[in-house]
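Visitor: Please pick one part of this structure and go over it closely. I would like the contacts, the geometry and the cut-offs behind each term.

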Amino acid sequence: MLKALALADHGEEALARLADMGRLGVPVDSYSYAHGLKACIAGSASHAPASARVREMHAHAIRRGYGLHTHVATTLIDCYAKLGIVTYAERVFAWMPERNVVSWSAMIGCYAKNERPGDAIELFQEMIASDADLVPNSITIVSVLHACAVVNALGQGKVLHAYILRRGFDSLVSVLNALMAMYMKCGCLQIGRYIFDWIGRRRDVVSWNSLISGYGMHGFGRESLQVFEEMIKEGISPSIITFVSVLGACSHAGFVEEGKKLFESMVEYNVTPRAEHYACMVDLLGRAGRLDEAVELIQSMRIGPSPQVWGSLLGACRIHGHVEYAEMACSHLFDLEPRNAGNYILLADIYAQAKLQNQVDVLKELLEEHALEKVPGCSWIEVKKKLYSFGSVDDKNPQVEELQALIGEFVTQMKNEGYVPDTRTVLYDIEEEEKERILLGHSEKLAVAFGLINTSRGEPIRITKNLRLCEDCHSVTKFISKFTEREIIVRDVNRFHHFRDGVCSCRDYW
DNA sequence: TTAGGGTTAG
């Protein structure tokens, strides 16, 4: 009965039946809670009621002495992971008297799902060090690979690759797919391609999707389209994700016509366009400056535009400085995602570009009023398998002054060659000189400087940034790549930038 | 009859 309720997403009823069991004196067991907990979170539109139900079920399990039963506790970890309540998952994990490979994997997956990839990797290391009988399996490996990909931890990823070979996990397509995705997300496109070829005939739709998106995020639109065509020729049915990937690739490469054709062809493959496909199309059109077309497409949608769709339009307005459409996008976004500070910041940015300081101030007041905080810019770099992170106003790192001075030298050099710092994105109403100083402290510049000092000549510098790369950092990094003859690879929140010899692979289109 | 994973998107 409880299992059926879980499958049908009836959490309330599952709780009620469990209460009945107590009242009627029917003994419960670990199965009751495992199914009951699944029912609590399945299919819930909102986290709030699901969270209340899980806690209630958790309390019930504790009262009956099942709170720390291995299967029940593991299910609890997964429930809290899915609800984003990491501290509860940690507490359950810490108190378990017996943990097996599944419990460890659930906890590692919890960190990976909740933007704590560093902790996921650490826990994995703890796991293999803790007990000789505790052996990770393919699911554990896939979770950790995913975590490495998220933080761009290539060194750790390679350690895992070696581990996979030693333990023979390389016979599993799921593991190879995750390995391929990890390499491509860490900037190693060629190795990803190599693994794809090596998988050979065993490749599945996930392998194809990974390769298509891999080429896409590196700006190789042509290759991405080729792989898509190859996939069709081989008789593989493209999935919803295939189209998100290939449309995204068109967007990064500026292939407007190709993208439009693909979008129209979706019905032929029995894939109905969803909001995420519209978001890709709006991004594609908007980025290319075809804002009117983007707006027309939104208005033609039969499904309600998602925040991502309006977000794409807003992003395009920022690139092309379109105040009117930005306001239109925000009139929806402020309703749909009232707590997302990023939307307010983007609009403020657009107002600042248009020199509408009064409007900028209004938005800043709004942000304060709702106690919304901007996500601070953060960049990180891996040196000798250790991650170093930099914040934009980072005074904790004693090396920051040295790093800023180094950047300052490059900037002086650049100014001699006619460069003017792009201070438009600094929203504070302060003197130009002060704005330039803020730009010098941007986290990606600090990370590049750190890389220059702490890696050897000829070695590529790999940086990861949590936001979009700003125009000024883009110009400065191009210069540094030429001046120091270094290859600099930056992964921002959207895509890769390969800087070499003063040129960026995105061809300044991002 | 019970527990954990991979591909995408502003």
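Guide: K445 is buried, at a relative accessible area of 3% (buried is under 20%, exposed over 50%, and partly exposed in between, with a 1.4 Å probe and protein chains only). This is a predicted model, in which local features need pLDDT of at least 70 and side-chain atom pairs pLDDT 80 or more, while totals for chains, interfaces and linings use all residues. Residues are numbered from 1 along each chain as its sequence is written, chains are lettered from A and ligands numbered from 1 in the order written, and side-chain values use heavy atoms, without hydrogens or water.

The part to follow from here is helix α26, with the sheet it lies on. D472 is buried too, with 2% relative accessible area. The side chains of K445 and D472 form a salt bridge, with 3.0 Å from N to O (a side-chain nitrogen of Lys or Arg within 4 Å of a carboxyl oxygen of Asp or Glu). K445 belongs to helix α25, residues 443–454, and D472 to helix α26, so this pair links distant parts of the chain, 27 residues apart (helices are DSSP runs of H or I with at least four residues, strands runs of E with at least two, numbered from the N terminus).

The neighbouring acid, E471, also takes part in salt bridges. Its side chain meets that of R318 in a salt bridge, at 2.7 Å from N to O. Helix α26 covers residues 471–483 and contains E471, whereas R318 sits in helix α19, residues 307–320, so the pair ties together parts that are 153 residues apart in sequence. The two ends of that bridge fall in separate accessibility classes: R318 is buried at 7%, and E471 is partly exposed at 21%. The side chain of E471 makes a salt bridge with R468 as well, where N to O is 3.6 Å. R468 counts as partly exposed, its relative accessibility being 22%. Elsewhere, E257, K260, R290 and E293 are joined into one network by salt bridges that share partners. The count of salt bridges comes to 24.

From the charged pairs, turn to the sheet. Its six strands follow the order β2-β1-β3-β4-β5-β6, in an open sheet with mixed pairing (two strands pair if DSSP finds at least two bridges between them). The edges are β2, residues 386–391, and β6, residues 503–504; each has a single partner strand, so one side of each is left without a neighbour in the sheet. Two helices can be placed against these strands. Helix α9, residues 138–151, packs on the sheet and touches β1 (378–383), β2, β3 (461–465) and β4 (488–491) (contact means heavy atoms within 4.5 Å). The direction of α9 makes about 110 degrees with that of β4 (axes are lines fitted to C-alpha atoms, for helices over the stretch in contact, and angles run from 0 to 180 degrees between N-to-C directions). Helix α26, which holds E471 and D472, lies across β4, β5 and β6 and runs at about 40 degrees to β5. Strand β4 thus appears in the contacts of both α9 and α26.

The strands under α26 can be taken in turn. Strand β4 runs parallel to β3, and four bridges join the two. One bridge partner pair between them is I463 with V490, the latter in β4. Within β4, I488 and V490 point one way, while I489 and R491 point the other way; all of these are buried. In a regular strand the side chains alternate between the two faces of the sheet.

Strand β5, residues 496–500, pairs with β6 in the antiparallel sense over two bridges. R500 has V503, in β6, as its bridge partner.

Beyond the edge strand, D508 is found in the segment after β6. D508 is not a glycine, yet its phi is positive, at about 60 degrees. Most residues other than glycine have a negative phi. D508 is partly exposed, with 43% relative accessibility. K355 has a positive phi too, near 60 degrees, and is likewise a residue other than glycine. K355 is found in the loop between α21 (341–353) and α22 (357–369), and is exposed at 71%.
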